Amino acid sequence: MHLFTDNRSIGEYLLPLLAEGKTVGLVPTMGALHRGHLSLVNRALSENDVVVVSIFVNPTQFNDPNDFRRYPRNPEQDISILQDRMRGEDAVFHPPVEEIYPEPDTRTFDFGGLDRFMEGAYRPGHFNGVAQVVTRLFEILNPTRAYFGEKDFQQLAIIRHITKDLNIPVEIVACPIVREPDGLAMSSRNVLLTPDERKTAASISRALSRARAMRHKATLTEVKQWVTEQLSQLPDMEVEYFEIVDDRTLVPLSRWQKNKGTVGCIAVKLGKVRLIDNIRFS
Ligand code: AMP
């Protein structure tokens with residue numbers, strides 16, 4: 001496995017491989033790797049000749065400076081975890097900020113309305129920063145495929161939208177959410193939870209599963225209310241939103257829809273830690 005920290009070296013490494021017709025699978029991450037990330041890496045390894053895992057805590061996608069400061073970082077451990085499963089031609093790309101942004105990135109993106117609700121509404125500028133870093137990585141690495149987790153459901157829709165809109169020749173591959181044994185969606189931020197908060201956090205996915213089970217017995221509004229009430233009662237838990245949305249437009253629904261995909265998306269603050277999760281209803 002190779003390790004690169006600058007654009008030019010990794011670009012020069014990949015170019016001949018791509019020219020030979022080899023496929024390159026990119027797994028963009030912010031590091032502090034867990035089994036969720038590794039499921040993307042495994043999928044990429046099984047589908048591509050060469051896999052690149054990027055580790056970059058992207059400053060432009062943090063709307064809260066404290067969140068950026070506190071974000072878990074452990075690149076040495078990440079690299080050693082990857083070393084164990086990656087092959088000779090695979091690579092880790094761990095650039096400093098100046099490599100990705102030699103100058104401040106002033107680009108703004110149009111997400112066709114996909115950013116109107118949920119994360120887009122609660123984290124202003126977040127998706128613009130995500131689009132900045134992902135398009136930069138695509139420019140530098142020219143991947144054949146790029147792997148993203150359904151844990152960040154709105155992000156996935158937005159990345160699909162911009163790659164199509166900007167005609168970027170990359171296949172976006174969606175990977176299912178990986179959970180802890182108690183149901184908590186794996187996240188780099190989980191290590192920031194206190195032991196009590198960590199126990200409470202299991203209630204998020206439990207509430208989502210119960211909500212799905214209620215789908216045929218209750219109205220959409222009742223289900224939304226039930227989830228919000230259940231979770232809001234828990235110590236140090238604040239529900240930012242729980243929306244049940246159309247899986248293509250991401251517009252919140254007010255009643256159940258037939259023959260269309262429906263997903264429930266939630267964001268909570270548990271103490272100081274912000275967590276998101278989602279579940280498919282149909
Ligand atoms: P992050 O490092 O949090 O930016 O995540 C990097 C990629 O891993 C994103 O595409 C995430 O959606 C994905 N990811 C993070 N957590 C999980 C999880 N629990 N299951 C599946 N994918 C995940």
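**Exercise 1. State how much area is buried between domain 1 and domain 2, and what share of that area carbon and sulfur atoms give.**

Solution. In this predicted model, about 1900 Å² is buried between domain 1 and domain 2. Carbon and sulfur atoms give 61% of that area. On the side of domain 1, Arg70, Met118 and Phe153 supply 35% of the area buried against domain 2, more than any other three residues.

**Exercise 2. Locate the two domains along the chain and count the residues that each gives to the contact.**

Solution. Begin with the bounds: the domain assignment places domain 1 at 2-175 and domain 2 at 188-280. Next take the contact, to which domain 1 gives 21 residues and domain 2 gives 23 residues. Finally, the C-alpha centres of the two domains are 26 Å apart.

**Exercise 3. Find how many salt bridges and how many residue pairs in polar contact cross the interface of domain 1 and domain 2.**

Solution. Two salt bridges are found across the interface. The count of residue pairs in polar contact across the interface is 10, with both residues at pLDDT 80 or more.

A separate check can be made on the pair Glu119 and Arg274. Their closest N and O atoms are 2.9 Å apart. The cut-off for a salt bridge is 4 Å, and Glu119 and Arg274 do form one.

**Exercise 4. Describe the side of domain 1 that touches domain 2 by its elements and its residue classes.**

Solution. First list the elements that give two or more residues to this side: α3 (65-70), α6 (119-122) and α8 (153-165). Of these, α8 gives the largest share, three residues. Then sort the residues of this side by class: 10 are nonpolar, four are polar and seven are charged.

**Exercise 5. Name the residues that come nearest to the ligand, and give the distances from ligand oxygen atoms to Met30, His37 and Asp152.**

Solution. There are 17 residues around the ligand, and Met30, His37, Asp152, Val178 and Met186 come nearest. Now take three of them in turn.

- Met30: a polar backbone atom is 2.9 Å from a ligand oxygen atom.
- His37: a side-chain N or O atom is 2.8 Å from a ligand oxygen atom.
- Asp152: a side-chain N or O atom is 2.6 Å from a ligand oxygen atom.

Technical notes:
Residues are numbered from 1 along each chain as its sequence is written. This is a predicted model: local features need pLDDT of at least 70, side-chain atom pairs count only at pLDDT 80 or more; totals for chains, interfaces and linings use all residues. Side-chain values use heavy atoms; hydrogens and water are left out. Domain bounds come from an automatic or database domain assignment. Contact means heavy atoms within 4.5 Å. Buried area is the accessible area (1.4 Å probe) that two parts lose on being put together, summed over both. A salt bridge is a side-chain nitrogen of Lys or Arg within 4 Å of a carboxyl oxygen of Asp or Glu. A polar contact is a pair of N or O atoms within 3.5 Å; within protein, one must be able to donate a hydrogen and the other to accept it, and residues adjacent in sequence count only if both atoms are side-chain atoms. Helices (H or I, at least four residues) and strands (E, at least two) are DSSP runs, numbered from the N terminus. Ala, Val, Leu, Ile, Met, Phe, Trp, Tyr, Cys and Pro count as nonpolar, Asp, Glu, Lys and Arg as charged, and the others, Gly among them, as polar. A residue is near a molecule or strand if one of its heavy atoms lies within 4 Å of it.
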